[in-house]
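Thanks for making time this morning. I would like to walk you through one model, starting from a single side chain and working outwards, so please have the sequence and the structure open.

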Amino acid sequence: MKINQKWEAGSGKLTLLVLLLTAFTGCASNRPVRTGDYWGNQAAVQQFQRAEKYYYDGKYNEAIAEYQYYIDQFGDIYYGDEAQKKIAEAFTRMNQWNEAAEGYEELTDKFPKSQYASWSLEEAAKIYEQISAFKEAIRIYQRIIEGYWTSPQRPDAVKKIKEIL
């Protein structure tokens with residue numbers, strides 16, 4: 001009788017333990033770890049490194065695809081803005097100017113608080129100027145002026161709009 005009473009009293013704790021373990025393992029299985037820890041997610045690290053290898057080997061189309069996959073899968077963890085920057089730079093290296101400008105602008109759209117946000121808009125505006133898409137350049141410079149008051153790109157944006165007009 002005493003054994004059964006102890007078992008019944010402990011079974012509630014055991015049930016709780018089983019439920020907690022199931023919940024934690026169920027949440028963690030087959031999903032990337034969402035952490036800023038570099039080693040916390042080897043799949044993300046390997047994906048970014050694969051994209052970097054293609055980029056530095058000059059295989060820009062492959063690099064773009066790998067960076068885009070990285071952003072889609074892991075961009076909310078870390079380096080998403082860096083991957084988008086590399087996509088735009090790869091298009092620039094391939095002289096695909098419209099895609100490059102869109103890539104730089106997309107960086108700011110996806111990661112507005114990135115350290116690269118105002119810089120990437122300026123890069124997009126410069127490309128638009130280079131290909132004589134002056135309306136687009138002005139639109140981008142206005143985004144810098146309105147959205148990034150303290151950025152080092154703001155004074156240049158004001159100056160460039162005056163030059164274009």
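Let me begin with Tyr70, which touches Ala44, Gln47, Phe48, Gly75, Tyr78, Tyr79, Gly80 and Ala83, leaving out residues up to four places away in sequence; contact here means heavy atoms within 4.5 Å. Before going further, I should say that this is a predicted model, in which local features need pLDDT of at least 70 and side-chain atom pairs count only at pLDDT 80 or more, while totals for chains, interfaces and linings use all residues. Residues are numbered from 1 along each chain as its sequence is written, and side-chain values use heavy atoms, with hydrogens and water left out.

Tyr70 is one of the buried residues of helix 3, along with Tyr60, Ala63, Ile64, Glu66, Tyr67, Ile71 and Phe74, where buried means under 20% relative accessible area, exposed over 50%, and partly exposed in between, with a 1.4 Å probe and protein chains only. Helices are DSSP runs of H or I with at least four residues, and strands are runs of E with at least two, numbered from the N terminus. The cover over the buried residues of helix 3 includes helix 2 (42-56), helix 4 (80-93) and helix 5 (97-110).

Which residues have the most contacts inside the largest nonpolar core? They are Tyr67, Tyr70 and Tyr141, in a core of 36 residues, a nonpolar core being a set of buried Ala, Val, Leu, Ile, Met, Phe, Trp, Tyr and Cys residues joined through side-chain atoms within 4.5 Å. At least two residues of this core come from each of helix 2, helix 3, helix 4, helix 5, helix 6 (117-130), helix 7 (134-147) and helix 8 (154-164), and helix 3 gives the most, with seven residues.

Now to a charged residue: is Lys86, which sits in helix 4, buried or exposed? Lys86 is buried, because its relative accessible area is 4%, and its contacts, again setting aside residues up to four places away in sequence, are Glu52, Tyr55, Tyr56 and Tyr67.

Ser151, in the loop between helix 7 and helix 8, also counts as buried, because its relative accessibility is 10%. Beyond its neighbours within four places in sequence, Ser151 is in contact with Ser118 and Ile144.

Stepping back to the whole protein chain, the secondary structure comes to eight helices and zero strands, and 39% of the 165 residues count as buried.
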